[in-house]
Amino acid sequence: MRKLAFLLSITFLFGKSCVFGQVLKFEPAFKQGEIVQIPIAILQDSKGFIWIGTTDGVYRYDGKESLEFRHDPSDSTSISNNYVKELFEDRKGNIWMGTSFGLNCYDPRTETFTRFLRTDTDDLTGDNFIHSIEEDHRGKIWYGTYNGLFQFTPSTDSLIQFLPSIEKGEKSLSNEVIWDIHEDQQHRIWVATQLGFTLFKNDGTLDFQAYYGDMKNENGLATDRIFNILEQADSSIWLSSYDGLFRVIESNDSIYFKRFHIHSEAPANLSDNRVFDLYSGGRNRLWLGTYAGGLNEVVISPDASENIKVIHHKEDPKNVFSLRSNNIENILIDESGMLWIATKNGMDKASLSGNKFQTIRSIPDDSTSLSSDIIKSFFKDSFGNLWIGTFKGLNFLSAENLKKGIFQFEQFYADRNNRFSLSHNNINGIYEDSQAYLWINTFYGLNYIHIPTFLKKKKFKHFNERHGIPHTINHSTVEISPGEYWVGTNGGLARMYCNPAKSDSVRFETIKSENEIVNTHTLNVIQDRFGNYWIGTFNGVAKYVTRQGKIFFENYIHELGNPNSLSDNSFRCFFRDRKNRIWIGTRSGLNMVVQESKESRDWFKTYGLKDGFPNDVIHAIEEDDQGQLWITTNKGIVVFNPELKDPVVATYNQNDGLAARSFVFRASMKDENGNLYFGTADGFNFFHPEKLPQNTYVPPVYFTKLKVLNEVIKPGPSSILQQSISYTNAITLQYWQNIISLEFAALDFNKPEKNRYQYRLSSLNNKSWINLKHNNQVTFTNLSPGEHLLEVKGSNNDGLWNEQPTQLLIKVLPPVWRTWWAYLFYLLAFISSIYLFVKNRIRRKTEKIQAIAQLEKARAEEREQLRKKNTADFHDELGHHFTKISLFLELAERQSAENKPLKEYLSKIKSNASGLSEGLRDLIWSLDPKKDSLYQTLVRLQEFGDSLFEFSDIRFKTDGLDEALESVELAPDVKKNVLMIFKEAMNNCLKYSNAKNALLKSVIKDRHCYVVFKDDGQGFNPYEIKNGYGLKNMHSRAQKVKAQLEIKSVANQGTEISLRL
Amino acid sequence: MKEIIHVAIVEDDDEIRQTLALIINGTPGYHCKHTFIDCESANKELPNLYVNVVLMDIELPGISGIDGIKQLKPQMPNTDFIMLTIKQDDNSIFDSLCAGASGYLMKDTPPSELLRSITEVYKGGSPMSTNIARKVIQSFQISTPPSPLSGRETEILQLLCKGMNYRSIAEQLYLSAHTVKSHIKNIYKKLHVNSRAEAVSKAIKDKLI
């Protein structure tokens, strides 16, 4: 027994799974209301989800929620039946599910099932009742039913059935009821059946070899019903059966078996031979689930077949952390090291990685264990010994043992027959004074011992009512000064004067104070940084102060409505932290004393449920080396840091391995190594805060649900999701789908409710991660059009984060009026409107300018006309005068017939006058804008010529006077000069040429207009002629209008005068 | 025996009228006994007188010369009207030709030339300048689609437009100058008719409207 305790203690101390296995703590895998059906199959898929097949549906569990799949007669993509016996994941990630009616293949991407049924009716042959599924190395699916083994090829949909054949005998399948199928590393298929098992090579030849149960052969298969086949990493094959566990040993082409079952002689053996499930626990470990014997943990010694050690894990009504049933259906160990047990009463789970906190309890009939589980006080004396006071007895652990970690106690009890025993078993407090005396407050009497000498004689001395102690029930002792102690008793705080080193005498005195202490039932005393003493009583707290030599008790009680008063009067414990602040734990809240000065009345800052405490009955307070307070409550431990905005750093409870749910007040201690001790009513926990084992599994994080406009989105062809949200990287939403929620899960199942989450959305300004704590859902509303990247991180229950975020790209399409082409349209519309506007303006401006120009033109024309009219009028005036001159001249001429000189003079006057008149007419003509063309000029010349040559011998003709020349515009001065030139030429011709013919013509040659006048007269020499012919004039006129004048004259061949314009 | 041409003058300027009458009358072969200061007085008396040629000033006060001809010509179909003008305004000249004039002269034309023109017109040849010819063609083209002009007349008009003188035209068309002149006279007559017709139709149109 002692050895066992020894071994067990080692386990507790180091908390590792040592050679001998460990005490497992089983707890329900699911919370109340979660999957309640009886689980018969478990699988963890490659993503990390846990699948549970039950008698009534199959579930996918992510730690918080489960996705339920049931048979739906109206949905052919639902599972074929609800009794899901077998779960298997193939290499493509599909989950094959064997039910009592049909094989199903679940595609997690589409979240749909494909059913494979042999017949469509509920058959009795058992073809569709599937017990086992396996995928071989070629991708073919093998499944076993009540009616044979089937090989299914998904790519070709071909199905082959194998049944036992009487002719072939053992060269065929051993039996048609198939319990398990396994392909080993050598590609052989093992088939466990109701009658032995069959082995064959899976290379196409199907060379069956059946092995039947053989009771007689010691090395044979001792039983028929083989339930499971397990291949270990070292290729060893194990079979579980109705009658024990078998190891398959192959040698020299023959197979024999090593059997493990219940033997009465064997030191460690199976608890039940009916082994329903077999699971590998690693290299040398197997886990067996039995029919009525609970769980067996089998440790195989490395040196092959001989020895195994078996640890039983059974249901124990007294142990709430035992299995809930001994009837085990299925076992799974997940990636994080959690053990899942499917039992007849539901699913349990247990952590294989050990509990955080080790518990030490009293072991019945073991006098080296604790005397009692109800731990009330701890004390480590100056010699390094640990004293533990319990409800029933004092325990002593020597410094040596404590150092070695050997929890072997010496128990001390009150013994009526022993005067020097403890006065009472119920230990309230333990205290060492400056003289190495240990004071032990008990329910009856104050005991004391001298530590160094105690162990030899083990004698206690004590004070009781005879010595004057105010009350025998005493709680604590404090040394005020050498020789003076204060003792807290149920009858008040007493001063004790004694010197045990010198004598046994003692004097008790009640404290004389000016006022009454709030309550006389004094529990504990502590000194603050000003040197005052605080006294915790049954009903309130008092501060002992001296003023002017008088003693006062400053009483503090809870004041209703005053948040700065003591949170509750039921004092539990005191604590002074490293910053010398006083903390007071009460039945209803933690108080921090705020002391402004020595004299001032203090007030309290309270903490409790409102700050995140799981419970605010504060039992004990200790401080770790980081300055964090470890506080025990009725619901576990709170790690508290008042400096933080979020003061609750962590909480621990029984699930983490704490001994009990509730603790005992003032049962706590911290030793010089930093270890914390907390006592409960069920043993004590001790640990080092910095060395608490953490969950080191980094959980994978997946999105598990997408809700748009509060509706769950299932994958489908016309859905937002093409595939399941867990497989989706990006989704596209319309602008009106503006409420979107996403759920996600970190797949660690240790304490999934403690898993934490953070998220970040790219489109928010804040680039830092937003803490969701334990909340695994985010909702967004009215995301703006564009792309938003959602990133989610998850952690396990110990805050180990998966730093690789899981991402989802959310694309929000803009409404039609906000799409890029709408904007383009706006832009174009804008541009075109501007363009039109500008164009319009330009046009109007142009029009305006044109109008102005036209107006100007009209005005100019008008002016011109006016001028012309004026000139014309002027001319008319002059014309009349000329007419009269001419007429009178005629008369005068007629009158002067005889007077020759007179007649001559008159004639001269007449010709000059007509010349003047002509000249004026020419002037008028030249100003007439209607006559501003070459044609008109030529016409005028023609008229002139006609009248000039009319009565002469010269025949005057014209040529080339085309109306088209009307379009050739000549400026007034040009046409005037042209007119002058040719008039001169014609005059010359008339006067000097003696020609017969004269021609005025116009030619267009080489884009130039030529006006030519020629005659066939006698010509002249251009170089000899002087001014008489007016040739110089003609040239200068030509020059004036930038025209080229050419005068050709050859003697007797005529003259040609041509002008090029 | 030389014929005597009876000339009447309608001119508002006293000195011009009187001097002109004096000159014409003083020239052998011409008679000028009747002068009028305006169309109104001319209108009353002229139709009753034996006159061959009337010299009519276009710019008359009151009824203009053009309107005067319109009134007088129908009453004196055998009398030739020659317009006298100071200006060289093609439009008014053309209008007067349409109204019934047979020719026009510049007032300050030397008297000898003036007399010669009178004789010419009396003898049947009315001069037509190029521009006038163009206007005539235009007029005939606008008014009635099938031109009342004969082919020869149109030809002559076109050649006139080309600035050819009578002599050249006569040469070109192998006609005598005289024939050309008489063609032109015909053209004038048709012009009168045409214009009259136009005026009538216009009046009808107006009246109708």
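These are my notes on a predicted model with chains A and B.

**Entry 1. Chain A as a whole.**
I began with chain A and its secondary structure, which comes to 8 helices and 70 strands. Chain A has 1061 residues, and 41% of them count as buried. I then looked up how far apart in sequence the contacting residues are. Taking the contacts in chain A with a separation of 6 or more, I found that 50% are between residues 24 or more positions apart.

**Entry 2. Chain B as a whole.**
I did the same for chain B, which has 9 helices and 5 strands. I wrote down their order along the sequence as β-α-β-α-β-α-β-α-β-α-α-α-α-α. Of the 209 residues in chain B, 47% are buried. For contacts in chain B between residues at least 6 apart in sequence, I noted that 65% join residues at least 24 apart.

**Entry 3. Where the chains touch.**
How many residues of chain A are in contact with chain B? I noted 29 residues of chain A, in contact with 25 residues of chain B. On the chain A side, helix 4 (820–895), helix 5 (900–927), helix 6 (934–949) and strand 66 (955–959) each supply at least two residues. Helix 4 of chain A gives the largest share of that side, with 13 residues. I also sorted the side of chain A that touches chain B by class and got 10 nonpolar, 8 polar and 11 charged residues.

**Entry 4. Helix 6 of chain A.**
Helix 6 is among the elements of chain A that supply residues to the side touching chain B, so I checked its length and its cover. Helix 6 of chain A has 16 residues, and its first and last C-alpha atoms are 22 Å apart, close to the 22 Å expected at 1.5 Å a residue. I counted 12 of the 16 residues as buried, and helix 6 of chain A is mostly covered. Among the buried ones I listed A:Leu934, A:Tyr935, A:Arg940, A:Asp946 and A:Phe949.

**Entry 5. Helix 5 against helix 7 in chain A.**
At what angle do helix 5 and helix 7 of chain A pack? I read an angle of about 145 degrees, with the axes 9 Å apart. The crossing of these two helices of chain A is right-handed. From helix 5 of chain A come A:Asp922, A:Ser926 and A:Leu927, which meet A:Pro972, A:Lys975, A:Lys976 and A:Leu979 of helix 7. By class, I put this contact at 3 nonpolar, 1 polar and 3 charged residues.

**Entry 6. A:Asn988.**
I stayed in helix 7 of chain A (residues 972–993), where A:Asn988 is placed. Is A:Asn988 buried or exposed? A:Asn988 counts as buried because it has 22 C-beta neighbours inside 10 Å, and the cut-off for buried is 20 or more. I also looked up A:Gly1030, which is 42 residues from A:Asn988 in sequence and 8.6 Å from it in space, C-alpha to C-alpha.

**Entry 7. Two positive phi values in chain A.**
As background, most residues other than glycine have a negative phi. I noted A:Glu111, which is not a glycine and has a positive phi of about 60 degrees. A:Glu111 is in the loop between strand 8 (102–107) and strand 9 (112–116) of chain A. With 20 C-beta neighbours inside 10 Å, A:Glu111 counts as buried.

I also noted A:Asn710, whose phi is positive and near 65 degrees. The place of A:Asn710 is the loop between strand 57 (701–708) and strand 58 (711–712) of chain A. A:Asn710 has 9 C-beta neighbours inside 10 Å and therefore counts as exposed; the cut-off for exposed is 12 or fewer.

**Entry 8. Helix 3 of chain B.**
In helix 3 (residues 65–75) of chain B, I found B:Gly65, B:Ile66, B:Gly68, B:Ile69, B:Lys70 and B:Leu72 buried. What do the buried residues of helix 3 of chain B pack against? I listed strand 1 (5–10), strand 3 (53–57) and strand 4 (80–85), along with helix 2 (39–45) and helix 4 (90–99), in chain B.

**Entry 9. Helix 5 of chain B.**
Helix 5 of chain B runs over residues 111–123; its 13 residues should span 18 Å at 1.5 Å a residue, and its end C-alpha atoms are 18 Å apart, which agrees. The buried residues I found in helix 5 of chain B are B:Pro111, B:Leu114, B:Ser117, B:Ile118 and B:Val121. These buried residues are on the same side of helix 5 of chain B, because they cover an arc of only 115 degrees around the axis. An α-helix has 3.6 residues a turn, so residues three or four places apart point the same way. After helix 5 of chain B comes B:Gly124, with a positive phi near 115 degrees.

Key:
Residues numbered from 1 in each chain as written. Chains lettered and ligands numbered in written order. Predicted model: local features only at pLDDT ≥ 70, side-chain atom pairs only at ≥ 80, totals over all residues. Contact = placed C-beta atoms within 7 Å. Helix = DSSP H or I, 4+ residues; strand = E, 2+ residues; numbered from the N terminus. Nonpolar A, V, L, I, M, F, W, Y, C, P; charged D, E, K, R; others polar. Axes fitted to C-alpha atoms, helices over the stretch in contact; angles between N-to-C directions. Left-handed = near helix turned anticlockwise from the far one by under 90°. Expected span 1.5 Å × (residues − 1). Arc of directions from axis to C-beta.
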